[in-house]
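Please work through the exercises below with the model at hand. Each task is followed by a solution in steps.

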Amino acid sequence: MTAPVLGIETSCDETAAALVSQDGTVLSSVVASQVKEHAPYGGIVPELASRAHMKNVRWVVEAALREADVRLVDVEGIAVTQGPGLMGALLVGLPFAKGVALASGLPLVGVNHLHGHLLSPFLRQRHEEPVDVGFPFVALLASGGHTALYRVSSWRDVELLGQTRDDAAGEAFDKAAKLLGLGYPGGPVIDRLAAQGDPSAVAFPVPIASKKQIEFSFSGLKTALAYHVRRNGPPEGDQAMADLCASFQRSVVESLARKAVQACALQDTPRLVLVGGVAANRGLRARAQELCSKVGVDLVVPSLRYCTDNAAMIAFAGVHRLAQGENDGLDFEAYSRDPDRRRGKF
Ligand code: KG4
Ligand code: ZN
């Protein structure tokens with residue numbers, strides 16, 4: 001199999017399409033963000049997401065083909081996000097992909113969005129060297145909807161090691177930003193402000209730090225922030241806001257980085273990858289690198305553009321299914337929640 005795969009992603013608030021070769025080279029990756037549509041509401045409005053996907057999906061796919069200079073007849077197959085995600089959003093990309101598959105006769109596979117994130121460190125631009133992560137590795141997936149640690153043993157074999165009991169890390173950033181009146185999405189704003197702040201200004205707890213379990217919990221931290229603001233009032237001035245953001249971010253980052261490194265030790269696996277939107281966080285990238293260097297763990301993180309939702313990661317997950325001759329045909333359904341998998345195959 002040498003031809004590129006067309007990936008289509010519409011699970012949340014990004015309409016995306018990409019063409020990716022078998023070795024992870026991204027020929028094109030087009031992302032139409034809906035931040036402007038959702039920002040006035042301080043979070044994602046599912047109905048608006050579906051409408052925006054409807055408006056954007058066709059031109060996004062056409063733009064991806066054009067940018068890669070690839071015709072549909074020269075594509076190996078199509079990979080589309082099947083779930084998890086917003087049902088009304090998935091129900092735009094999935095039938096669109098089925099329509100393209102029906103018209104072109106190309107094979108079509110439904111890809112798990114989390115599988116896409118887990119393989120995102122392997123993606124590279126044309127001029128970059130191939131990324132050799134090496135199996136098995138431990139993956140910290142931290143996004144707006146999920147926060148979990150996995151052991152990834154091959155392109156398709158994964159084991160869930162532990163996950164959040166409540167909020168996802170990205171959700172914690174988004175809720176904190178909303179509380180502080182910083183807008184949506186919260187992660188990038190808090191990341192930017194935190195860089196100017198003092199992380200020791202406010203002593204927030206580091207969730208589940210002392211416990212041996214591989215799990216996370218962020219709802220208590222959100223409550224601690226809400227109490228802090230109630231007691232002290234909203235931060236006055238830019239420096240006070242930056243200090244509060246830095247302190248909050250420090251707790252989230254410590255929890256994520258420490259548990260990830262702990263999981264590597266427990267799994268006796270000296271390779272860690274950080275994936276998902278929160279992997280774009282500069283504080284997390286730096287702290288994880290610090291902890292990994294101390295204990296001799298190799299850290300790999302995707303380029304920033306492949307941390308947040310994109311279709312290149314979906315295409316690349318599809319590469320590994322299509323290469324085995326798989327074709328889901330036209331009769332598969334979208335799912336909004338990740339199927340319960342402790343150990344399994346994507
Ligand atoms: O992976 P993603 O694009 O979508 C999901 O699958 O959820 O992740 C989006 C999440 C949002 O919660 C956003 O606030 C967070 O990732 N995020 C960040 C950063 N960039 C995006 N969180 C912390 N720091 C960032 N720089
Ligand atoms: Zn995602």
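The exercises concern a metal site, a ligand shell and one strand residue.

This is a predicted model, in which local features need pLDDT of at least 70, side-chain atom pairs count only at pLDDT 80 or more, and totals for chains, interfaces and linings use all residues. Residues are numbered from 1 along each chain as its sequence is written, ligands are numbered from 1 in the order in which they are written, and side-chain values use heavy atoms, with hydrogens and water left out.

**Exercise 1.** Identify the protein donors of the zinc ion (ligand 2) and classify the arrangement of the donor atoms.

Step 1. Donors are N, O and S atoms within 2.8 Å of the metal (3.2 Å for Na, K and Ca); water is not among the atoms, so sites may look incomplete. The protein supplies His113 through NE2, His117 through NE2 and Asp309 through OD, at 2.0 to 2.1 Å from the zinc ion.

Step 2. Along the chain, these donors follow the spacing H-x3-H-x191-D. His113 and His117 are both in helix H4, four residues apart, about one turn of the helix.

Step 3. Four donors count as tetrahedral if all angles lie between 85 and 135 degrees, and as square planar if opposite donors are over 155 degrees apart and all others between 65 and 115; anything else is irregular. The four donor atoms here subtend angles of 95 to 137°, and the arrangement is therefore irregular.

Step 4. Buried means under 20% relative accessible area (1.4 Å probe, protein chains only). His113 counts as buried because its relative accessibility is 6%, and His117 because its value is 1%.

**Exercise 2.** Describe the shell around ligand 1 and its polar contacts.

Step 1. Counting residues with a heavy atom within 4 Å, 21 residues surround ligand 1, and Gly144, Asp174, Asp191, Asn281 and Asp309 are the closest.

Step 2. Helices H4 (113-119), H5 (169-179) and H6 (186-194) each supply at least two residues of this shell. H6 gives the most, with four residues.

Step 3. A polar contact is a pair of N or O atoms within 3.5 Å. A backbone N or O atom of Gly144 lies 2.8 Å from an oxygen atom of ligand 1, a polar side-chain atom of His117 lies 3.3 Å from an oxygen atom of the ligand, and a polar side-chain atom of Asn281 lies 3.0 Å from a nitrogen atom of the ligand.

**Exercise 3.** Is Val158 buried or exposed?

Step 1. Val158 belongs to strand E8, residues 157-163.

Step 2. Its relative accessible area is 4%, so Val158 is buried.

How values were computed:
Buried means under 20% relative accessible area, exposed over 50%, partly exposed in between (1.4 Å probe, protein chains only). A polar contact is a pair of N or O atoms within 3.5 Å; within protein, one must be able to donate a hydrogen and the other to accept it, and residues adjacent in sequence count only if both atoms are side-chain atoms. Four donors count as tetrahedral if all angles lie between 85 and 135 degrees; four count as square planar and six as octahedral if opposite donors are over 155 degrees apart and all others between 65 and 115; anything else is irregular.
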